[in-house]
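Welcome! Take a moment to look over the sequence and turn the structure around before reading on. The report below walks through it step by step.

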Amino acid sequence: MALLEVRHLTKRWPTGRLALDDVSFQVKEGEILGLLGHNGAGKSTIMGITLGMVRPDLGEVRIGGHSVQQTRGRALQQIGAIYEAAVFYEYLSGWQNLRVLCSLSGWWDEAEVKRVVQMVNLTRAIQQKAATYSHGMRQRLALAQALLPQPKILLLDEPTDGLDPEGIREFRELILHLRKQHGLTIMLNSHLLGEIEQMCDRCVILKDGKKVYEGPVPSQEKSKRLYLLETTDIGLAREVLDRSGATMDKHGIVEVPLSMEPHELVAALVGGKVQVNAWQPHHRTLEELYMGLSSKS
Amino acid sequence: MILFFQQWYGELLKLFARRRTYIGFGAFVALEVLLLLLIKKYGMGPIQKAVVGSGQSFDYYFSAITVASTVMGFSVFLLGALFLSLVAGDIVAKEGEDGHMRLLLARPVSRFRLLLIKYLTCTGYAFFLIQFLAWSSFALGLVLRGWGGGYFAIVPEISVVAFYDWGPGLERYALSSLYLGLSMTTISSIAFFLSCFRIKPAAATIGALTYILVDFIMRNSGFMENYQHLLVTKYMANWGRILAETIDWPLIWRGYAVVFAVNITLFTLGYAVFESRDLKS
């Protein structure tokens, strides 16, 4: 079931630049969906529209069946978000920051706040002023505020931006733990391929405001059987593969159809007088997919 | 309703956690002390002349209330507008600039409610600051002149001159400070309205101060005599009519109806501007 639906979003900035061009996709319950794209591709604009901070020219976002554009308050009750940079009131303590933010959701449960603060590992620093926090601590406080009060969906807008490698790893593990423990649905926006690859089940790739891909993250693709074929007879190989129902891209990566076994395909190639120099399993990376889509468009 | 007060508490927590909020109070006290020292050293020349010229005993009317009234008048004129527009000019624009607005609006709270809370906070601050000013001036006046005496009330711009004994004088002083507090909410409203645009907080502060100053100058320059009804400071000055021997309540209420109408209009326009904005860096 789709918990979050993005429907035909189109947005043009007052400067005339087209930020989004008829983008639609869904985030299913319990999945982590990555939004990927270059800077200015429209990722944050989708986040902004989802939170009702940016108005689309066309289209809408529905959360749990409620339209953000029509009934924003009801729709946002199910969401926790880190949107753009984690900016807090420097002159307030972490605890006071959480109090101010939770009051806007009409909710305050001290025990639950303490539990979440402990979960993000901020218990010792929570009474300190936010001005004294390191970047990593700010991100953890940002995550704490997003988790209060118990959202169904988390929107994370470049959450590891500016963190050191240890911080990124810690943050990633925390998110994956949350998903496992609480079954959270997550929409993650990032331009870091590795981050999307390691955390997401599916991804949407944007380019210049257009959706150019929606599907599984390649490393999560269980159903596709990919092999790398090395041959000097490319034309002939393509003919044989076409006859067998397989496809080969320009890098020699062959997708074996489910109807046949890989060794049968090799036999067909050899039988078709194709000189097979190498045939080995291939795991497509997100980078390959992304770069392929970029060069295509 | 409880939720509204919880959210308002959050806004007040932010306001009173900032050092700058207290600088306003501290600066006023410093200015009051300075004015008091000047009064102690040089006396109250023009006021003394006015009292004696009216055939009254200056010593009787040189009281804590008269001193407080004079000190309050100067303080509001010199610093009041500046601090109120500083706080109100910051309240939306600064949060927008710093990115706090995006943090707040990621919550299921409407822009209207958020702005209403902020508006009530900055106008409440205006009212509270004026009351603080009135009663801290009075406390300093007591230190200088002690309890008792008369009250010589003078508001030249609306030609109010009156003499009171201690009890009625104190009542008039308290009532006029309440109405002055209400008048000053208009300065906060102007700064708040400008703060709703996508501008620097300082621009909202300067814009509000400029408007009030130009309005004030035009009202007192004479050539706008036939257009006084268009100038907001004319209606804001109605607090002084409380000090007249016979209070013209219909005139005062009419004036405050205009003040409130201006405030509500500025809030509504500010909200309309803010509502139409896309909040994205």
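## Where the two chains meet

In this predicted model, 26 residues of chain A are in contact with 25 residues of chain B. On the side of chain A that touches chain B, the elements giving two or more residues are α1 (43-50), α2 (72-76) and α3 (94-104) of chain A. The largest share of that side, 6 residues, comes from α3(A). Sorted by class, the side of chain A that touches chain B has 14 nonpolar, 9 polar and 3 charged residues.

## Chain A as a whole

Now let us step back to the whole of chain A. Its C-alpha trace spans about 75 × 40 × 35 Å along the principal axes. Chain A has 10 helices and 14 strands, and of its 297 residues, 40% count as buried. Contacts in chain A with a separation of 6 or more can also be sorted by distance along the sequence: residues 24 or more positions apart account for 69% of them.

## A hairpin at the start of the numbering

Strands β1 (residues 2-12) and β2 (residues 18-28) of chain A form a hairpin, with 5 residues between them. In the turn of this hairpin you will find Gly16(A), which has a positive phi of about 100°. The two strands pair in the antiparallel sense over 7 bridges. To trace the pairing by eye, look for Ala2(A), which stands opposite Lys28(A) in β2(A).

## An open sheet and its helix

Another part of chain A to visit is an open sheet of 4 strands, with antiparallel pairing and the order β12-β13-β11-β14. The edge strands are β12 (247-248) and β14 (276-281) of chain A, and each of them pairs on one side only. At one edge, β12(A) pairs with β13 (residues 253-256) of chain A in the antiparallel sense, over 2 bridges. Here Met248(A) stands opposite Val254(A) in β13(A).

Helix α9 (residues 262-271) of chain A lies across β11 (225-231), β13 and β14 of chain A. With respect to β14(A), α9(A) runs at about 165°. As you look at the strands, keep a general point in mind: in a regular strand the side chains alternate between the two faces of the sheet.

## Two strand pairs side by side

The table gathers the two pairings described above.

| Strand pair | Sense | Bridges | Residues standing opposite |
|---|---|---|---|
| β1(A) and β2(A) | antiparallel | 7 bridges | Ala2(A) and Lys28(A) |
| β12(A) and β13(A) | antiparallel | 2 bridges | Met248(A) and Val254(A) |

Methods. Residues are numbered from 1 along each chain as its sequence is written. Chains are lettered from A and ligands numbered from 1 in the order in which they are written. This is a predicted model: local features need pLDDT of at least 70, side-chain atom pairs count only at pLDDT 80 or more; totals for chains, interfaces and linings use all residues. Two residues are in contact if their C-beta atoms, placed from the backbone, lie within 7 Å. Ala, Val, Leu, Ile, Met, Phe, Trp, Tyr, Cys and Pro count as nonpolar, Asp, Glu, Lys and Arg as charged, and the others, Gly among them, as polar. Two strands pair if DSSP finds at least two bridges between them. Axes are lines fitted to C-alpha atoms, for helices over the stretch in contact, and angles run from 0 to 180 degrees between N-to-C directions. A residue is buried if 20 or more other C-beta atoms lie within 10 Å of its own, exposed if 12 or fewer, and partly exposed in between; C-beta atoms are placed from the backbone.
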